[in-house]
Structure formats: structure tokens, C-alpha cells
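Visitor: I should like to be guided through this structure by means of questions. May we begin once it is in view?

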Amino acid sequence: TDVVRLESLRKIYEGPVTALDGVTVGFPAGSFTAVMGPSGSGKSTLLQCAAGLDRPTAGRVFIDGAELTAAGDTAMTKFRRRRVGFVFQDYNLLPALTVEQNVRLPLRLAGRRPDPGAISGVLTQLGLADRRHDRPESLSGGQRQRVAVARALVAEPAVIFADEPTGALDLRSAREVLTLLRSVVDDHRRTVVMVTHDPVAAAYADTVVFLADGRLAGSLRAPTAEAVA
Ligand code: ADP
Ligand code: ADP
């Protein structure tokens with residue numbers, strides 16, 4: 001079954017610019033999908049609409065069987081906070097908060113009582129236990145992105161959307177973060193949808209979906225990380 005289903009998504013920006021021109025695609029539970037395509041092909045727009053960060057002009061978005069596009073703004077925000085995790089290229093950590101406070105934030109926003117055991121469990125798994133009281137500015141890029149992945153995981157979302165998660169990292173840190181996203185799927189049994197233009201990153205995914213001019217231009221199963229290593 002598909003955790004995320006996009007039906008006939010269209011997005012027209014002012015201009016007008018057609019960013020998405022009728023995209024229908026599903027992301028199965030427990031899959032790791034890379035969305036690739038040239039600059040301007042609609043990758044970010046697809047992710048923003050799928051994640052409930054923006055609204056499509058037409059078409060429908062389903063997450064876990066619930067129609068996100070049918071929800072009003074308040075319900076959409078609430079749904080997003082409960083069911084969706086995000087990882088961004090520029091980490092989006094809050095600089096005034098410690099690592100641990102950043103990781104705890106989605107639970108607080110979802111109105112859930114943070115379970116201290118769960119938080120320290122995630123921090124330990126991601127190799128961040130000894131940095132828990134540090135602020136993001138004292139961390140390397142790779143460590144910051146690990147904090148962002150921990151933050152995306154902690155509320156146990158149905159799906160994690162990652163927009164160019166390795167775009168600001170050197171190859172070594174990029175591989176660390178990609179291995180982590182792989183384990184989010186393999187060990188945590190989550191579903192990951194990642195936008196990237198980097199073939200190294202895409203090789204960690206199970207499936208690659210190609211966009212061109214706002215349309216689905218094909219898809220293929222990628223070799224696994226083991227095959228690439
Ligand atoms: P990609 O992520 O593949 O580079 P985008 O989804 O960012 O593509 O953009 C798709 C198209 O929509 C591009 O032509 C881009 O210029 C346009 N676009 C994206 N965001 C906006 C916006 N906020 N307003 C107007 N046009 C936009
Ligand atoms: P906004 O008001 O812009 O929607 P929020 O108040 O929901 O932002 O979130 C504040 C910060 O927490 C943002 O930087 C956002 O990136 C991060 N955040 C919130 N929820 C999640 C989540 N489920 N996964 C990852 N980061 C999140």
C-alpha cells in the first residue's frame with residue numbers, strides 16, 4: 001500500500017508558471033524513493049505539495065489514506081505535524097535551542113509529551129548523545145543533518161520528506177547522512193521520499209522517479225547502497 005499518493009497534481013505559480021503538470025505517483029510503505037530531474041522540473045514543488053507545506057492548484061494528496069488536500073489550513077498544519085517529518089538542505093535547526101531541544105520540538109508542536117527515553121534513544125542511535133546540550137552552530141554540517149534526521153524521526157511520522165539533504169555536505173558526510181536515511185527505512189521501517197540531483201544520493205534509494213517539465217518522465221529501481229559501496 002502507498003503511504004503517500006499523489007493524484008493528478010498540478011501547480012501553477014503566478015506568471016503563470018506551470019511547475020507541476022498532472023503528476024500521479026505513489027510511494028509504498030517502507031520504500032526509499034529519490035525524485036530526480038533537471039533544475040526547474042518541479043521537484044521541490046512536488047515535495048512541498050506532498051508534505052502539506054504548500055497547496056497544489058489542482059489534484060489530491062493522500063497520506064496514510066487521509067486526504068491532505070481536503071483539510072483546511074489549521075487541520076493541514078496539525079496533520080503535517082503529526083504525520084510528516086522533514087529534512088532540508090540547510091538543516092533548518094533552531095540556533096537558540098540545543099541539539100536535544102531541537103529534536104524534541106516536533107513532539108511539543110504535536111502536543112505530545114516528550115518521552116525522555118525515546119529522545120535519548122534516538123540521539124544515541126544517531127551518535128549525538130554527547131552533543132545533546134550543544135547548539136547547532138558548534139556542530140559540523142554532517143552532524144547538523146544528523147540532528148535534522150533525528151528531529152524528523154522522533155514523532156514517528158508516516159513519511160519523511162528530504163529536499164536535497166546532502167546538497168550542503170562533503171561526500172563523506174553526505175554518505176553518512178544517506179546511510180542514516182537508509183537505516184530510517186530498513187531499521188525504523190519508515191518511508192522516505194528524497195529530492196536530489198546527485199546520482200550518489202539517488203543510488204541509496206530503492207526507486208528513482210524522474211520529473212521533466214512538471215511531468216513524470218519515468219522511473220527505475222536503483223542499485224542498493226551495498227551494490228555501490
Ligand atoms: P526544481 O526543484 O526541480 O528545481 P521547482 O519546483 O523549484 O523545481 O520549480 C519548478 C518551476 O516553478 C520553475 O520554473 C520555478 O522557477 C517555478 N517556481 C518555483 N517556485 C516558484 C514560486 N514561488 N513562484 C513562481 N515560480 C516558482
Ligand atoms: P511553521 O510555523 O513554519 O510551520 P513550525 O512551528 O511547525 O514551523 O516548526 C518550527 C520548526 O520545527 C521548523 O524549523 C521546522 O522545520 C521544524 N519542524 C516542525 N515539525 C517538524 C517535523 N515533523 N520534522 C522536522 N522538522 C520539523
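The following exchange concerns a predicted model.

Visitor: Which element supplies the largest share of the largest nonpolar core?
Guide: This core is a set of 40 residues. Elements that each give at least two residues to the core include β3, α3, α4 (116–125), α5, β7, β8 and α7. In soluble globular proteins, nonpolar side chains tend to be buried together. The largest share of the core, 7 residues, comes from α6.

Visitor: How does the span of helix α6 compare with what is expected, and what is that span?
Guide: Helix α6 runs over residues 171–186 and has 16 residues. At 1.5 Å a residue, a span of 22 Å is expected. From the first C-alpha to the last, the helix comes close to this value, reaching 22 Å.

Visitor: Against which elements do the buried residues of α6 pack?
Guide: Among the buried residues of α6 are Val-177, Leu-178, Leu-181 and Val-185. Polar or charged names such as Ser-173 and Arg-182 are also listed as buried there. The buried residues of this helix pack against β3 (32–36), α5 (141–153), β7 (159–163), β8 (191–195) and α7 (199–202).

Visitor: Which residues of α6 are in contact with Phe-32?
Guide: Phe-32 and Met-194 are the residues with the most contacts inside the largest core. Leaving aside neighbours within four places in sequence, Phe-32 touches residues including Val-192, Met-194 and Tyr-204. Its list of contacts also holds residues of α6 (171–186). These are Leu-178, Leu-181, Arg-182 and Val-185.

Visitor: Is Ser-31 buried or exposed, and what is its relative accessible area?
Guide: Ser-31 is found in the loop between β2 and β3. Leaving aside neighbours within four places in sequence, Ser-31 is in contact with Val-185, Arg-190, Thr-191, Val-192 and Asp-206. A residue counts as buried when its relative accessible area is under 20%. Ser-31 is therefore buried, with a value of 8%.

Visitor: Which backbone oxygen lies 2.5 Å from a polar side-chain atom of Ser-31?
Guide: The side chain of Ser-31 has a polar atom that takes part in this pair. The partner is the backbone oxygen of Pro-28.

Visitor: Which residue of the loop between β6 and α3 has a positive phi although it is not a glycine?
Guide: The loop in question lies between β6 (84–88) and α3 (99–109). The residue has a phi of about 55°, and it counts as partly exposed because its relative accessibility is 38%. The residue is Asn-92.

Visitor: How much of the accessible area of ligand 2 does the protein cover?
Guide: Residues surrounding ligand 2 include Arg-80, Val-84, Phe-86, Asn-92 and Arg-151. A nitrogen atom of the ligand is 2.8 Å from a polar backbone atom of Val-84, and a nitrogen atom of the ligand is 3.2 Å from one of Phe-86. A backbone N or O atom of Asn-92 lies 3.5 Å from an oxygen atom of ligand 2. Of the 550 Å² that ligand 2 has on its own, the protein covers 69%.

Visitor: Which two residues does a cis peptide bond join?
Guide: The bond has an omega of about 0°. One partner, Pro-16, has its place in the loop between β1 (2–13) and β2 (17–28). The two residues joined are Gly-15 and Pro-16.

How values were computed. Residues numbered from 1 in each chain as written. Chains lettered and ligands numbered in written order. Predicted model: local features only at pLDDT ≥ 70, side-chain atom pairs only at ≥ 80, totals over all residues. Heavy atoms only, no water. Helix = DSSP H or I, 4+ residues; strand = E, 2+ residues; numbered from the N terminus. Expected span 1.5 Å × (residues − 1). Buried < 20%, exposed > 50% of the residue type's maximum accessible area, 1.4 Å probe, protein only. Contact = heavy atoms within 4.5 Å. Near = heavy atom within 4 Å. Polar contact = N/O pair within 3.5 Å; in protein donor to acceptor, adjacent residues only side chain to side chain. Areas by Shrake-Rupley, 256 points an atom, 1.4 Å probe, with all protein chains shown as cover. Core = buried A, V, L, I, M, F, W, Y, C linked by side-chain atoms within 4.5 Å.
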